[in-house]
Amino acid sequence: MTTTALRAADVPIAVAATGARIPVIGYGTGGGGRVTAETVAAALACGYRHIDTARKYGTEPQVGAGLKAGGVPRAEIFLTTKVSHENLAPADFERSTMESLETLGTDYVDLLMVHWPLPTMDLRATMGALAEMKRRGFARHIGVANFNAALLAEAVRLCPEPLSALQVEFHPFLDQSRMIALCRTLGLVFVSYCPLARGRVLDNPVLAEIAAAHGRTLSQVALRYIIQHEGVAAIPGSGNPERIAENLAAASFALTDEEMARIAALARPDGRLVNPAGRAPDWAA
Ligand SMILES: NC(=O)c1ccc[n+]([C@@H]2O[C@H](COP(=O)([O-])OP(=O)(O)OC[C@H]3O[C@@H](n4cnc5c(N)ncnc54)[C@H](OP(=O)(O)O)[C@@H]3O)[C@@H](O)[C@H]2O)c1
């Protein structure tokens, strides 16, 4: 098993058309109780320079404390947070962003995202509020999460500032080739959440066979599969410092084209894990 800490400089960067430079492996902090200031500091210590949080996760306090404890200069870290679906009206959007900055202990985030679209939202107004946060310097870059292709195209059209990233679910059991291609066309980085399918990758025989051939772990093979797609980043979550380091080391080996094809063939129509009723868009649109 390869868990050697990587130097941050050795982790590839995905670059958006807007110039956003996003390390292809980030530490996902959506995991509630398992995320602490110590795990965030451990992620920084082993070489992560990309941290993903959201107001809704309730982990901004731990991220803020971990960033402080980690001692890495703020300018070296790519920090993402998100505004949740309850706060998409402009006044709420600004309040939520200010609360995030206060809790994170920073003057700006590198990426501010709409966390989920809502069928009832005023997309033009929400995109205006998102762009306003960038114009006022509270976000270096802006993006959206959980948008389908139709909504993403509409968001790009309506947003007064260019979008830099889309964050959606992607792992070996879910085909996202259409959305990845769309992001490339639009010049956005595609950020994969639940890249380990919330642990479901860990007992897959195909991934196990490929992992054995490389002397790697199944998690590393799943993550490598994701980031070997051009312009794609992944944000695995873990509360365990050894596994946090193990996941980052997925940046330091490569799969063959044949292995990539074998893993792509694991995708299933019912592979999606995160699909909240009433909030999830029609993913096929
Ligand atoms: N935008 C959105 O709507 C959205 C939705 C969901 C998630 N996210 C983001 O995506 C991130 C990742 O998603 P996720 O945490 O739900 O799922 P995930 O990263 O696919 O899987 C996390 C699970 O895998 C385990 N794990 C992690 N590394 C491992 C390793 N090397 N070996 C064995 N097990 C390992 C973790 O357990 P241990 O803690 O015990 O290691 C945890 O149970 C979140 O933290 C969040 O930042 C965004």
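**Note on the predicted model: sheet, helix packing and ligand shell**

1. Strand β6 (residues 109–114) is mostly covered, with 6 of its 6 residues buried. The model under discussion is a predicted one, and the points below concern its central elements in turn.

2. Strand β6 belongs to an open sheet of 8 strands, whose order is β3-β4-β5-β6-β7-β8-β9-β10 and whose pairing is parallel. The edges of this sheet are formed by β3 (27–28) and β10 (232–234); each has a single partner strand, so one side of each is left without a neighbour in the sheet.

3. The pairings of β5 can be described in some detail. On one hand, strand β4 (residues 50–52) pairs with strand β5 (residues 78–83) in the parallel sense over 3 bridges. Within this pairing, I51 has L79 of β5 as its bridge partner. On the other hand, β5 and β6 run parallel and are joined by 4 bridges. Here T80 has L111 of β6 as its bridge partner.

4. Strand β5 is also covered: 6 of its 6 residues are buried, so the strand is largely enclosed by the rest of the structure. In a regular strand the side chains alternate between the two faces of the sheet. In β5, F78, T80 and K82 point one way, while L79, T81 and V83 point the other way, and all are buried. The lysine K82 is thus listed among the buried residues of this strand.

5. Residue A20 lies outside the sheet described above, in the loop between β1 (13–15) and β2 (21–23). A20 is buried, because 23 other C-beta atoms lie within 10 Å and a count of 20 or more is the criterion for burial. Leaving aside neighbours within four places in sequence, the contacts of A20 are L111, H141, S164, A165 and V189. One of these, L111, is the β6 residue that serves as bridge partner of T80. A20 and L188 are 168 residues apart along the chain, yet their C-alpha atoms are separated by 9.0 Å.

6. Two helices merit attention for their packing. The axes of helix α7 (residues 205–214) and helix α8 (residues 218–227) come within 8 Å and cross at roughly 95°. That crossing makes α7 roughly perpendicular to α8. From α7, the contact is made by L207, A208, I210 and A211, and from α8 by L218, Q220, V221 and A222. By class, the residues of this contact comprise 7 nonpolar, 1 polar and no charged.

7. Helix α8 is largely enclosed by the rest of the structure, since 10 of its 10 residues are buried. The buried residues are L218, S219, Q220, V221, A222, L223, R224, Y225, I226 and I227. The elements that cover them include β9 (189–193), α7, β10, α9 and α10 (257–264). Strand β10, one of the edge strands of the sheet, is therefore among the elements covering α8.

8. The loop between β9 and α7 holds two residues with backbone values worth checking. A197, found in this loop, has a positive phi of about 50° although it is not a glycine. R198 is placed in the loop between β9 and α7 as well, and its phi is near 50°, a positive value in a residue other than glycine. As to their surroundings, A197 counts as buried, with 20 C-beta neighbours inside 10 Å. R198, with 14 C-beta neighbours inside 10 Å, counts as partly exposed.

9. The shell around the ligand contains 29 residues, of which G28, G30, Y193, G237 and S238 come nearest. By class, the shell divides into 10 nonpolar, 14 polar and 5 charged residues. Helix α9 (residues 241–248) supplies the largest share of the shell, 3 residues.

10. S238, one of the residues nearest the ligand, is placed in the loop between β10 and α9. This serine counts as buried, with 22 C-beta neighbours inside 10 Å. Apart from neighbours within four places in sequence, S238 is in contact with R243, I244 and N247. The C-alpha atoms of S238 and D282 are separated by 29 Å, the two residues being 44 residues apart along the chain.

Notes
Residues numbered from 1 in each chain as written. Predicted model: local features only at pLDDT ≥ 70, side-chain atom pairs only at ≥ 80, totals over all residues. Axes fitted to C-alpha atoms, helices over the stretch in contact; angles between N-to-C directions. Parallel < 35°, antiparallel > 145°, perpendicular 65-115°, else oblique. Contact = placed C-beta atoms within 7 Å. Nonpolar A, V, L, I, M, F, W, Y, C, P; charged D, E, K, R; others polar. Near = placed C-beta within 6 Å. Pairing = 2+ DSSP bridges. Buried ≥ 20, exposed ≤ 12 C-beta atoms within 10 Å, placed from the backbone.
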